[in-house]
Amino acid sequence: MLLKGGKLYYDTPVGILCLESRFPKPKGHVRNPLTFDFPTVQRLIRGVDIPRLLFHPTDDLLEPFVRAARELEADGVRAITGSCGFMARFQERIATEVRVPVLLSSLVQLPLVRLMHGTEAQIGVLTASADALTPDHFRNCGVDMASVHITGMEHQKEFRECILQGKRDDFDPETLEREVVETARNFAASARLDALLLECTDLSAFAAAVQAAADIPVYDINSLVEYACGAVRRRRY
């Protein structure tokens, strides 16, 4: 049997478009190679960090993401995801530019989550910044922003200073976990949520603790990436 070459990566199902950031990416973060039981590769978008994507988006931001997605496809990855849920603003366009599946944001799951839980279910989105999340982010993922409850992490000091503002590269994982879990628990209780989706990839490392505290199904970028990997790298039974 002839093995075909010409690619940079082989048996690599997922490529990750990444923002510039230097804070820790613990196991459970989409950018940590130990998070998944399959290989991933990362492509850094130079000059684009979290504050720029969330709070200062401009039309010229799209092109470097499109270029990087095309490169990943040419290099051999079989699906493309993103390191920040706010890449949802590019979901529709990039999906038309490549032939492999594109899942830039955990928000892509929302139509399926709604179908699974029913029209009357209370679905919550825990985001990095509720102020920065717009109807366009949801529209590009095929869902109406008004169909879900939204709350943000922007008022939590550890999360805000390290991740949103980039004031420092280090964080206290116990403090950050406490902020995430308390916010999620209060959100789930006040909105009487039936399911919770984590928009922010930086929350995924704490998803198990969130689920234990809220006692509801929790969806995030990792659940989406694993779903996509199952489609592009089927296992034999």
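In this predicted model, one open sheet contains four strands in the order β6-β5-β7-β8, and their pairing is parallel. The edge positions belong to β6 (149-152) and β8 (218-219); each has a single partner strand, so one side of each is left without a neighbour in the sheet. Within this sheet, β5 (residues 123-127) and β7 (residues 195-198) run parallel and are joined by four bridges. A handy landmark for the eye is valine 125, which stands opposite leucine 197 in β7. Helix α4 (residues 110-117) lies across β5, β7 and β8, and runs at about 150° to β5.

A second open sheet is also built from four strands, here in the order β2-β1-β3-β4, and its pairing is parallel. Its edge strands are β2 (40-49) and β4 (102-103), each of which pairs on one side only. Six bridges connect β1 (residues 14-20) with β2, and the two strands run parallel. Here valine 14 is found opposite threonine 40 in β2. Packed on this sheet is helix α2 (residues 62-75), which touches β1, β2 and β3 (79-82). The direction of helix α2 makes about 165° with that of β2.

It is helpful to turn next to the domains. The domain assignment divides the protein into domain 1 (14-105 + 223-232) and domain 2 (107-220). Domain 1 is thus given as two stretches of the chain, 14-105 and 223-232. The centres of the two domains, taken over C-alpha atoms, are separated by 19 Å. In the contact between them, domain 1 takes part with 24 residues and domain 2 with 25 residues.

The interior spaces can be followed from here. The count comes to two cavities of 30 Å³ or more. The largest cavity has a volume of about 110 Å³. It is lined by 18 residues, and those closest to its centre are Ile50, Ser83, Cys84, Thr201 and Asp202. Helices α1 (50-55) and α6 (157-164) each supply at least two residues of this lining. Sorted by class, the lining of the largest cavity holds ten nonpolar, four polar and four charged residues. Because domain 1 and domain 2 both give residues to this lining, the largest cavity lies between them.

The second largest cavity holds about 40 Å³ of space. Its lining consists of Phe23, Pro24, Pro26, His29, Ile163, Phe171, Leu176, Asp202 and Phe206. By class, this lining has seven nonpolar residues, one polar residue and one charged residue. Both domains again give residues to the lining, so the second largest cavity lies between domain 1 and domain 2. For a reader tracing the two cavities in the structure, Asp202 is a useful place to begin: Asp202 is among the residues closest to the centre of the largest cavity, and Asp202 also lines the second largest cavity.

Conventions. Residues are numbered from 1 along each chain as its sequence is written. This is a predicted model: local features need pLDDT of at least 70, side-chain atom pairs count only at pLDDT 80 or more; totals for chains, interfaces and linings use all residues. Side-chain values use heavy atoms; hydrogens and water are left out. Two strands pair if DSSP finds at least two bridges between them. Contact means heavy atoms within 4.5 Å. Axes are lines fitted to C-alpha atoms, for helices over the stretch in contact, and angles run from 0 to 180 degrees between N-to-C directions. On a 1 Å grid over the protein atoms alone, a cavity is a set of points where a 1.4 Å probe fits but cannot get out, and a pocket is an open set with protein on both sides within 12 Å along at least five of seven lines; lining residues have an atom within 4 Å of a point. Grid points are joined across faces, edges and corners, and a volume is the space filled by probe spheres set on the points. Ala, Val, Leu, Ile, Met, Phe, Trp, Tyr, Cys and Pro count as nonpolar, Asp, Glu, Lys and Arg as charged, and the others, Gly among them, as polar. Domain bounds come from an automatic or database domain assignment.
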